[in-house]
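Good morning, and thank you for attending. I should like to show you one structure and discuss how some of its strands are arranged.

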Amino acid sequence: MTRPESASPERSAAEVVASLTVEQKAALTSGATFWTTKAIEDAGIPQILLTDGPHGVRKQRAGADNLGLTESIPATCFPPAVALGSSFDPALLERVGAALGEEAAALGVAVLLGPGINIKRSPLCGRNFEYLSEDPVVSGVLGAALVRGVQSQGVGASLKHFAANNQEADRMRVSADIDPRPLREIYLRGFQRVVTEAAPWTVMCSYNRLNGVFTSEHPWLLTDVLRGEWGFDGLVMSDWGAVNDRVEGLAAGLDLEMPSSEGRTDAQIVAAVRDGDLDERVLDQAAERVVVLVQRAERRSTPDGFDEQAHHDLAREAAGRSIVLLQNDGDLLPLSPGSSVAVIGAFADTPRYQGAGSSLINPTRLDRAVDAIVGYAGQDRTFFAAGFALTAVEPSEAARLRDEAAQLAGSTEVAVVFLGLPAELESEGFDRNDIELPPQQVELLRAVVAANPRTVVVLSNGGVVRLGDVVDLAPAVLEGWLLGQAGGTAVADVLYGEVNPSGRLAETIPLRLQDTPAHLDFPGEHGHVRYGEGLFVGYRWYDARDLPVQFPFGHGLSYTTFDYGNLTLAAEPDGIRVGLTVANTGGRAGREVVQVYTGRAHSSVARPPRELKGFALVDLAAGESREVEIQVRRDDLAHWDLRVDRWVLEGGDVAVEVGASSRDVRLAGSVTVVGDDVRMPLTLDSSIGEVLADPAAAALVTGALAQADGDRPEGRRAASEGAGAMFSDPALLKMMASAPIGRMVSFPGTGVTKEQVQGLLDQANAEYEATSADDRPAS
Ligand code: BGC
């Protein structure tokens with residue numbers, strides 16, 4: 001960072017901005033280059049450097065191309081979000097964040113462009129490797145931890161991509177068309193949590209439109225919700241090239257356009273202010289936010305470097321904690337170092353450890369699994385065969401590689417086969433067409449297993465793959481995702497039991513692509529993608545449809561076993577306190593990820609059968625047991641109420657399930673919560689059911705109708721004619737309950753007028769308002 005002499009002593013951002021011309025202010029709100037903001041030397045404002053992110057620092061050398069096609073300066077490549085999400089470990093992510101922040105600071109980076117916390121709506125999204133989960137609580141808790149870590153080093157985070165960037169197809173134009181409840185409860189919930197809990201210095205808007213409007217110029221999103229409702233006080237920047245109309249964007253709450261527009265859009269801002277189309281105070285505010293960001297960054301000290309070994313070790317620890325043991329039939333794992341081992345698969349010596357695109361890190365070093373296995377089993381017991389080629393080869397060559405590997409497997413005590421997605425199949429910028437592993441890899445596995453049934457599969461993939469064949473063939477399967485630069489060693493740590501696996505799936509592994517929630521609505525057409533599955537994203541969908549899955553959300557095995565007991569539930573003003581005892585009933589130390597799900601048997605709104613509302617990690621020695629407490633936040637229990645356009649906690653019984661996955665529920669109970677008081681004023685459009693549900697209105701209206709019935713001349717007293725009689729006939733009432741009361745009273749023969757009913761409803765509304773809040777019935 002360049003620091004002009006005049007930068008100190010620090011003046012308030014408002015004072016600095018007050019000293020600038022309109023041109024200077026406009027200049028300040030867009031980039032100078034691909035990665036820097038503009039310096040305004042006269043005003044003592046230095047430029048600052050922003051770089052990707054999210055799982056390492058991608059600082060390019062001076063003069064390098066901007067798209068990252070050439071190498072950036074070496075930095076630790078930590079496991080990408082797809083892996084970190086499976087750790088379910090906020091403390092670990094905070095440490096990873098702090099290490100990222102430290103490296104960024106050492107490289108003079110003011111803002112690290114991450115984390116990305118978009119929801120994994122479809123397994124096809126090409127960028128799922130950069131996101132944490134299909135669940136908003138996991139995304140929010142872990143995203144907040146990363147932000148806290150990065151910012152603990154005086155470096156800003158940039159929470160991205162805000163919002164609803166859930167596919168790469170047509171990402172710069174497509175409109176994500178989402179109903180209010182899924183938007184709030186699924187797609188914005190994680191962002192809300194990170195903003196309110198961790199206060200990121202910056203938020204990066206996404207490329208796409210949201211319900212028709214580009215997020216880069218969406219006043220509701222960038223200002224009403226982000227700042228107004230959530231209290232965000234940082235800076236909003238554009239994704240690189242996401243600005244559609246700079247003036248609209250600025251007015252909507254977009255403070256900084258990135259990268260540079262070489263002054264073209266700055267001139268549009270100046271003209272808009274001069275022409276009176278843009279209030280200068282809006283520009284002042286954006287410029288002020290840039291100055292605040294620069295000042296924040298300037299307060300940071302720049303360390304001389306960072307401890308590469310320590311960060312590599314942390315990358316190894318994080319990778320080990322992120323690996324998910326999907327299957328372990330016959331306890332094939334952990335392996336014994338004394339057994340001879342055939343290490344098979346190109347990924348064992350050419351690791352697939354991160355995804356392609358803007359997040360590509362140039363690692364400080366790169367561990368190969370085959371070397372790490374040699375470290376455990378010894379050179380003389382470890383044998384390697386590539387098994388398949390990473391580039392296209394003739395069928396005869398593919399067969400040769402396969403047969404050679406199978407022969408090797410037949411000669412050793414155990415085989416470990418590294419399968420996965422080749423790099424070119426998944427990347428930022430495009431989505432996948434299917435969730436299949438390359439067929440030659442499955443053929444290889446078939447041949448290896450035929451030669452040696454004691455076969456373990458290790459997977460390297462950024463997006464979920466279909467695993468039917470793999471789990472049928474191999475007794476043991478490790479989901480390694482993309483594990484960063486130390487992943488090779490971390491895999492060996494897990495294979496040999498140095499690390500007891502504790503990763504849990506942060507996304508469901510389906511049986512087939514056709515079963516996935518967004519299957520019929522992905523990636524949309526003619527510029528629109530309709531989120532037709534609504535709230536039913538990920539496990540919420542499979543559970544609601546009662547569909548079998550390959551491995552459920554939250555699943556992950558250990559080399560030990562855990563028992564759950566003594567569930568206690570207590571409703572408290574700020575949520576539900578869940579208590580239980582977890583015991584390690586196996587023979588080695590291990591970590592359990594206890595998950596708390598809630599559901600509602602009775603609700604006035606649609607709800608998934610169960611939703612994750614809390615989780616906790618428990619480290620237990622063999623034979624140890626411990627009491628665990630998990631707090632479910634009241635905010636997380638609330639749903640978005642369309643009638644009042646706000647979060648509402650529905651009162652009543654909450655079903656609480658505690659388990660080791662969304663489909664491995666070990667304890668269940670119920671607790672009654674006091675809900676929020678939501679009462680819509682009754683009107684002639686209220687249904688008969690709604691009117692009768694209100695005690696005061698029910699008494700008034702039924703009384704008036706009964707009286708009208710009684711007042712009729714004798715000859716017209718047939719029960720079928722009197723509305724009062726209808727109100728006391730359960731069968732008729734059931735049929736009429738959804739009819740607006742105003743329509744019903746217009747029928748002939750009711751004996752009351754609309755005006756009379758309106759008067760009674762007004763009276764009931766007034767009675768309700770006069771009741772003190774404490775005496776009101778809870779919703
Ligand atoms: C990506 C962002 C990234 C930016 C800068 C964009 O294409 O969507 O995630 O931070 O480029 O590289």
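Let us begin with a pair of strands in this predicted model. Strand β18 and strand β19, residues 611-620, run antiparallel and are joined by nine bridges. Within this pairing, Tyr-597 has Leu-612 of β19 as its bridge partner. β18 also pairs with strand β23, residues 652-661, again in the antiparallel sense, over five bridges. There, Gln-595 stands opposite Gly-659 of β23.

Is β18 enclosed by the rest of the structure or not, and why? Buried here means under 20% relative accessible area. Of the 10 residues of β18, which spans residues 590-599, 10 are buried, so the strand is largely enclosed by the rest of the structure. Gly-590, Glu-592, Val-594, Val-596 and Thr-598 point one way, while Arg-591, Val-593, Gln-595, Tyr-597 and Gly-599 point the other way, and all are buried.

As a reminder, strands of a sheet pair through backbone hydrogen bonds, either parallel or antiparallel.

I now turn to another region. Six strands form an open sheet with mixed pairing, in the order β9-β14-β13-β12-β10-β11. Its edge strands are β9, residues 324-328, and β11, residues 382-385, each of which pairs on one side only. From one strand to the next, the twist averages 20 degrees.

Within this sheet, β10, residues 341-344, pairs with β12, residues 414-420, in the parallel sense over four bridges. Val-343 has Val-416 of β12 as its bridge partner.

Finally, consider two helices. Helix α13, residues 369-377, lies across β10, β11 and β12, and runs at about 160 degrees to β11. Helix α15, residues 439-451, lies across β10, β12 and β13, running at about 175 degrees to β12.

Key
Residues numbered from 1 in each chain as written. Predicted model: local features only at pLDDT ≥ 70, side-chain atom pairs only at ≥ 80, totals over all residues. Heavy atoms only, no water. Buried < 20%, exposed > 50% of the residue type's maximum accessible area, 1.4 Å probe, protein only. Pairing = 2+ DSSP bridges. Axes fitted to C-alpha atoms, helices over the stretch in contact; angles between N-to-C directions. Contact = heavy atoms within 4.5 Å.
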